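User: I am new to this structure and would like a close look at a single part of it. Please take me through that part slowly, and show how it fits with what lies around it.

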Amino acid sequence: MFTQEQLDALQEIINIAMGQGADRLARLIETFVVLSVPRLYAVKGSDDMHEAHQQISKQPVITTRQSFIGPFRGEVLVIFGMNGANELAELMGYVDDGEAQIKEELILDLTNLLVGACISGICEQLHLEQSTFSSPTLFFEGETLNSFIQGTALKDSKALLVEIQFRIESHAFACELLICISNTSIKAVSDAVDRLIDSV
Amino acid sequence: MIPDPNYFEGIIQRLNTGIVIVDQVGHIQFWNQFMKLNSGHDREDVLGKSIYDIFPEIPQSWFQKKIDTVYTLQHMAFTDWKKRPYVFRFPTTRPITGEVEFMYQNCTFSPLLDEEKKVAGVLIVVTDITEVAEQTLAMQRLTNSLEREKREQQKLITKLEEAQNQLLQSEKMAAIGQLAAGVAHEINNPTGFVYSNMGSLGHMVEDLMAVIDVYEDQLCRNGVPEAQEAVRQAKEKYDFDYLKEDLVSLVKESKDGIERIKRIVEDLKGFSHVGESEWQMADIHKGLDSTLNVVWNEVKYKAEVEKHFEDLPEIECIPSQINQVFMNLVVNAAHSIEKKGKITICTGQRGDQIFISVADTGCGISQEHLNRIFEPFFTTKPVGKGTGLGLSVSYNIIKKHHGHIEVNSTPGEGTKFVLWLPVKQPEIETEQEAAQS
């Protein structure tokens, strides 16, 4: 796993990457995007995972997922509140709103944007080859994260968990990202972090 | 050996996947064979033209946001057939055996970078997934119908359980009825001779008192003073004057008590009598009174009962069944009253019909429930308290008697049920139904 030094460096890298991601996102949808300082957890499995998110996990949520493939490999879970996304329909170019179908497509669009902004930013900072992405899908809906994670074994996620809150100010919209890095890419990431630390 | 560029061009042209490249404003830069075959537009006709002109069905602002995403974030964008079955309105790839009209598609939008790592175009890859979509949709339909069936079965199971509970309940009621009839019969005999003995005892006490009077009279006139004194002392000791008075009233009260026992026993017998399920001419008022006696215990702490009986002819009915209906109405009325109220029972005749009305000052029935009260198993009482069959059975009994039931209810004020029954049953049907029952 990561040393404390590596974790500190990663924290900083992700902070910068997310800042850039948020900036691009803001330009795309032409509105202010606020994000929290990312919090990093080194987790060993789903037990730690659900402990890490007691705050967000009490309300029913819609969670989407999207995987990224490359030297930097894993999955991102994006956790939306049950409401809130609707307001962004216009920003994302949807004309006729109100349908459930559109709401879901919109949430998937947002997932894609957030994940893209974050992962590309991290790859850039770490000078890793850009990841490619799978299409985002709905993970689960209407349960609390706790109850869902407790019933599901999350494989191969003994890695890194990044918790970031996005808020789009004018639209009272917020969501959280969990970046789960797969075991196979830990070495690549930690090597890249070491290179970065050495070069400073 | 480096193959010439046409080699790769050939591969891309023959891919069984749609490939389009557009620039930042949506002008088409590249177009492969798949796109040509499905859209019917030749490559030469579309190059340089706006994709929105070639495909007017594309929602422009939404599509442009995808392109913007690729340009701004240098990131991929996706469409999912489940959310949006198609982006390009191509005919289905199963024109003969398929069920759907259009080609289901997943699209990915990827950035094409130039030497300076700037986005130079958007590569749109269109995948035909009609096959998968059709299977998924069929599976979804199957799941839906299975779930619907499951729900229906669950409903049936619940109904069955209810019916079974009701069966148990009615078995129990029948057993209790039999028992009551048996007990009533057993009590009837001793009550009979106690009653008649009490009658005799009354006369005897009177005779005894007359004899004692004669004794006293004679003692007063002819007795020696010692004897008179002894009798006086004895009378005082046993409080003879009180004894004389009380004896008469004791006997009278006991007679009343026995009479009441007799009446209740008779009502019980009449009420639960199994054999009495034949059509006969019966006095409704007698039935009402005896039913009231039977349920008196349920009613007396809840309500005072007011009776307004007009003169009624005897009517053709099955008395035990009419009693059952009447008991239901009275018990329901008593249950609807929370603390203390009034139950008013009226009877009368209008033409060749008679009516019996039972009105209470209870909690009333809400409009939504009013439509359902005659449904079997409908009850608002807590689980285990009511079977939801009382009114349904009553309804059927009255229907069998060619009558009808009217209900009026105001929530919070009370409910009034009116039974209408013909004096004479239509002849032929009566025989048929008697045979049926």
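Analyst: In this predicted model, 22% of the 437 residues of chain B count as buried. The secondary structure of chain B comes to 13 helices and 12 strands, and among the contacts in chain B with a separation of 6 or more, 63% are made by residues 24 or more positions apart. With that as background, the part to look at closely is the open sheet together with the helix that packs on it.

The sheet has 5 strands in the order 2-1-5-4-3, with antiparallel pairing. In general, the strands of a sheet pair through backbone hydrogen bonds, either parallel or antiparallel. At the edges of this sheet stand strand 2 (28–31) and strand 3 of chain B, and because each has a single partner strand, one side of each is left without a neighbour in the sheet. Neighbouring strands are turned by 20° against each other on average, if direction is ignored.

At the edge formed by strand 3 of chain B, the pairing with strand 4 of chain B is antiparallel and runs over 3 bridges; in one of the pairings, Ala77(B) has Phe109(B), in strand 4 of chain B, as its bridge partner. Helix 5 of chain B packs on the sheet, where it touches strand 1 (18–22), strand 3, strand 4 and strand 5 (119–128) of chain B. The direction of helix 5 makes about 35° with that of strand 4 of chain B.

The elements just described also bear on the contact between the chains, in which 19 residues of chain B meet 19 residues of chain A. Helix 5 (60–73), strand 3 (77–79) and strand 4 (105–113) of chain B each supply at least two residues of the side of chain B that touches chain A. Helix 5 of chain B gives the largest share of that side, with 8 residues. By residue type, the side of chain B that touches chain A divides into 6 nonpolar, 8 polar and 5 charged residues.

For a view of another helix, one can turn to helix 12 (residues 390–400) of chain B, where Leu391(B), Ser394(B) and Ile397(B) are buried. Seen down the axis of helix 12 of chain B, these buried residues fall within an arc of 120°, so they line one face of the helix. An α-helix has 3.6 residues a turn, and therefore residues three or four places apart point the same way. Helix 10 (319–336) of chain B is included in what covers the buried residues of helix 12 of chain B.

Methods
Residues numbered from 1 in each chain as written. Chains lettered and ligands numbered in written order. Predicted model: local features only at pLDDT ≥ 70, side-chain atom pairs only at ≥ 80, totals over all residues. Contact = placed C-beta atoms within 7 Å. Helix = DSSP H or I, 4+ residues; strand = E, 2+ residues; numbered from the N terminus. Nonpolar A, V, L, I, M, F, W, Y, C, P; charged D, E, K, R; others polar. Pairing = 2+ DSSP bridges. Axes fitted to C-alpha atoms, helices over the stretch in contact; angles between N-to-C directions. Buried ≥ 20, exposed ≤ 12 C-beta atoms within 10 Å, placed from the backbone. Arc of directions from axis to C-beta.
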